[in-house]
Amino acid sequence: MRNMVKISTTTELPYSRTNVSNNVELPIDMRFNEGHVVGIIIYSVLMILSAMGNITVLVLITRRKHTSKSRIHTMLMHLAIADLLVTFLMMPLEIGWAITVSWKAGDVMCRIMAFFRMFGLYLSSFVLVCISIDRYYAVIRPLQLWDVDKRGKVMLCLAWVGSIICSMPQMVVFHLETHPNISWYSQCVTFNTFPTYTHEITYSLFGMVMMYWFPLVVIIYTYTSILLEIRRRSKKSERDKIRRSSMGFLTRAKIRTLKMTVIIVAVFFVCWTPYYVMSLWYWIDRQSAYTVDQRIQKGLFLFACTNSCMNPIVYGIFNIRDRNKASERPTTLETRVTPLSLSLKLLD
């Protein structure tokens, strides 16, 4: 399936049944079709929106660094960089590839771009994991302040190294393949790389686990734990008359955390699930997957890239705005001394 090469790890080269010439109509996967038109339009729109959102986040974070240093701002900066890699490396590639249909840039560039096409997506997902874990520790273990900065740096380093390691196989499995019956048609594919179909599926499942299931499970677990911890502490405060003055603050924090949890999980799920549903369909029943309209296929695969547009909204602009509002609130004795207030401040 020609579409699978776009974001997924594997694809095959379409074959014609007989020798053909330039005057013979090519199979739909080998010629410009409506799916390519949809891809060019949507990728162009996504590229503009993602560039505007992530550059805005970077500018805001850069300005804030002169007044206050924040660990979460550093992670948001890395998230914006990851999404910009997707924006300025992957998306233009997909637009150009959709226009040319076949691969025109040679074998070396095929392998290099195969690496970077996955690297930005892996990095974005892994940084989301870092942010989730950082917020988890900020609430569950708020008094462990002596190693939080070091822990944040280590997690970000692991995210970058892990993204490189997970993306490196792309340079091995992807290569330039020339059609056996159409000498002028070449494609950047994994065809003839895997010894069996089982190896191909195993490699694809590895990408799904690392880029989708692992981040999704971590995000759900961490933010659910944060919400449950705030709920537990709010009940405890209800029984403690001395801290009754913090109940309003707790209620607001619980509501805000619930909203953020639902939004974060929903955005990640909605952005990535359509793509992997189509991928699973392709792996399980390739023949029926071929029959799906090219525009529908393209639309489902494009959903994965919408995550780079949503991240600066969900994690960047909202978070920076909320921290600015928090800095404008007067500091009371209660917000200075209680571990609960400290943990909620770190969560903001």
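## Two positive-phi residues in a mostly helical count

At 58% relative accessibility, N192 counts as exposed, because the cut-off for exposed is over 50%. The structure is a predicted model. N192 sits in the loop between β2 (186-189) and α7 (197-238). Its backbone stands out: N192 has a positive phi of about 70°, yet it is not a glycine. Most residues other than glycine have a negative phi.

V101 also departs from that pattern. This residue is not a glycine either, and its phi is positive, about 70°. V101 belongs to the loop between α3 (71-100) and α4 (106-140). Is V101 buried or exposed? V101 is buried, because its relative accessible area is 5% and buried means under 20%.

The table sets out the two residues.

| Residue | Phi | Loop | Relative accessible area |
|---|---|---|---|
| V101 | about 70° | between α3 (71-100) and α4 (106-140) | 5%, buried |
| N192 | about 70° | between β2 (186-189) and α7 (197-238) | 58%, exposed |

Now the whole chain. The protein holds 13 helices and two strands. It has 348 residues, and 53% of them count as buried. V101 is buried, whereas N192 is exposed.

How much of the accessible surface belongs to carbon and sulfur atoms? The share is 67%, out of a surface of about 16,600 Å².

Contacts reach far along the sequence. Take those between residues at least 6 apart in sequence: 81% join residues at least 24 apart.

Definitions and conventions: Residues numbered from 1 in each chain as written. Predicted model: local features only at pLDDT ≥ 70, side-chain atom pairs only at ≥ 80, totals over all residues. Heavy atoms only, no water. Helix = DSSP H or I, 4+ residues; strand = E, 2+ residues; numbered from the N terminus. Buried < 20%, exposed > 50% of the residue type's maximum accessible area, 1.4 Å probe, protein only. Contact = heavy atoms within 4.5 Å. Areas by Shrake-Rupley, 256 points an atom, 1.4 Å probe, with all protein chains shown as cover.
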